[in-house]
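Biologist: Could you walk me through this one? I would like to start with the empty spaces inside and then move on to how the parts fit together.

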Amino acid sequence: MSQKTILILGGYGNTGLALAHLLLQETNARLILAGRNRKKAENSAYHLNIPFEPNEKRVTGLVADAANVESLKQAFQGVDFVVVASGTTNYAKEVITAALAIGVDYLDVQYSREKLETLRAWKDDIEQAGRCFITEAGFHPGMPAALVRYAATFFDCMDQAVASSVVNLGGTLPKSMDTLYEFVEEFKNYDSYIFKEGGWREASSTTMRDMYRTDFGPEFGKRYCAPMLLEEMVALPEIIPTLRETGFYIADTNLVASWGLFPLIMLGLKFWPKRAVKPLGKLLYWSYKLLKAPPYGVALKVEAHGEKDGKAKDLEIILTHKDGYMFTVIPVAACLLQYLEGSIQKQGLWMLGHLVDPTRLIYDVERLGATLRTREQIGFSRDSAH
Ligand SMILES: NC(=O)c1ccc[n+]([C@@H]2O[C@H](COP(=O)([O-])OP(=O)(O)OC[C@H]3O[C@@H](n4cnc5c(N)ncnc54)[C@H](OP(=O)(O)O)[C@@H]3O)[C@@H](O)[C@H]2O)c1
């Protein structure tokens, strides 16, 4: 593997720093941690460099502001790849412009419809520039589509694959309030579409009809989960044409948050779409601090049904991790390993869940610390069980 330089925008934030640790361990890449605060960037780089000899130091800290194209262009000089791990979806255009101008490949971990629309508007430019842009990377977005594609490898014909997750960060908060404001903004775009009987439809918001109840295993137990549209799921029925049912569901972790705070955020944004963002972000901050309760960690599950060798088959795959931020960056590092080896270094705009080799990804995700449990039942039909 020739030595590449990877710049992490938001490199000393929770996601950025966790990723930097993994990339130092798993690759020979040089890293640049970038953000708006020079002292924090240099200090984090200093600590990451401690295990290395003076002439082998691989990490530097740098100032870059996603809001400023010129600052980004300067930061991207000599860089091969930028990972966007900052709550800067409002500046997607600036980051894309600078990456294309300097000739840098790209990956982001952000969850934002606006960012996706901006990237899609630049799709032709990305292709013409011969760049590889990977979006919707991380835990979710990121893993659900990859795990459904992985599940499909266990079947001759998979007709059902439902992904669900539980997230309890245990009071670990984003380092920048901007990240929380970005999170609040995204409530405006919350959609609850599910794919059933071969078509997408909006889930019922007034009844429990489309809620999903599933067992996340010994750590998290049985939970009710609400439908949440993830863009990476939308293409799955095209990628796996036998699918009749799919979707993504998010579990209830805190009754006060699910039934009090989140509806309040939605309501606040409806009446004051701009003015409410900061007060609601602060409310979210304090609620995360005060309402935290174990068990902490994250889980992602896919329940699938289909046929193998002429027999009905049920499959359950659960990935868990004690640390939500590690579970965010493990798939990113696993994806970057495939990129650095060249197997997915393709020009164009891709979602992580569609681009990666799913079998290799899950192998690396487990190797890098996630716990994987798989349960198969052959000759058992879900219909006959009910
Ligand atoms: N896909 C997934 O599963 C997943 C999971 C978790 C988080 N995320 C996403 O990851 C992103 C980061 O989350 P986090 O919790 O790691 O955030 P965080 O701890 O708050 O870190 C954000 C970092 O971005 C930097 N930053 C903020 N504004 C910037 C700007 N204008 N220019 C350059 N750097 C800037 C911050 O430093 P300064 O403020 O000093 O500049 C900080 O280092 C968010 O978009 C979040 O939604 C995705």
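**Cavities and the domain contact**

Modeller: Bearing in mind that this is a predicted model, the lining of the largest cavity is made up, by class, of three nonpolar, two polar and five charged residues.

Biologist: Which residues line that largest cavity?

Modeller: Its lining consists of Tyr111, Ser112, Arg113, Leu116, Glu136, Glu186, Asn189, Asp191, Leu229 and Glu231, and the volume of this cavity is about 90 Å³.

Biologist: And which domains does the lining draw on?

Modeller: Domain 1 (5-138 + 326-365) and domain 2 (143-324 + 369-385) each supply at least three residues to the lining of the largest cavity.

Biologist: How many cavities of 30 Å³ or more are there?

Modeller: The count is two, and the second largest cavity has a volume of about 30 Å³. Val84, Thr88, Ala92, Val95, Tyr106 and Gln110 line the second largest cavity, and by class that lining has four nonpolar residues, two polar residues and no charged ones.

Biologist: Switching to the domains, what separates their centres?

Modeller: Taken over C-alpha atoms, the centres of domain 1 and domain 2 are 25 Å apart. The contact involves 32 residues from domain 1 and 34 residues from domain 2.

Biologist: What area is buried between domain 1 and domain 2?

Modeller: About 2800 Å² is buried between domain 1 and domain 2, and carbon and sulfur atoms give 56% of that area. On the domain 1 side, the residues that lose the most area to domain 2 are Tyr111, Arg113 and Phe327, which together account for 28% of what that side buries. Tyr111 and Arg113 also appear in the lining of the largest cavity.

Biologist: How many salt bridges are there between domain 1 and domain 2, and how many residue pairs in polar contact?

Modeller: There are three salt bridges between domain 1 and domain 2, along with 19 residue pairs in polar contact, counting pairs with both residues at pLDDT 80 or more.

Biologist: What about Arg120 and Glu231, how do their side chains meet?

Modeller: The side chains of Arg120 and Glu231 form a salt bridge, with an N to O distance of 3.6 Å, and Glu231 is also one of the residues lining the largest cavity.

Methods
Residues numbered from 1 in each chain as written. Predicted model: local features only at pLDDT ≥ 70, side-chain atom pairs only at ≥ 80, totals over all residues. Heavy atoms only, no water. 1 Å grid on protein atoms, 1.4 Å probe; cavity = no way out; pocket = protein on both sides within 12 Å on 5 of 7 lines; lining within 4 Å. Points joined across faces, edges and corners; volume = space filled by probe spheres on them. Nonpolar A, V, L, I, M, F, W, Y, C, P; charged D, E, K, R; others polar. Domains from an automatic or database assignment. Contact = heavy atoms within 4.5 Å. Buried area = accessible area lost by both parts, 1.4 Å probe. Salt bridge = Lys/Arg side-chain N within 4 Å of Asp/Glu carboxyl O. Polar contact = N/O pair within 3.5 Å; in protein donor to acceptor, adjacent residues only side chain to side chain.
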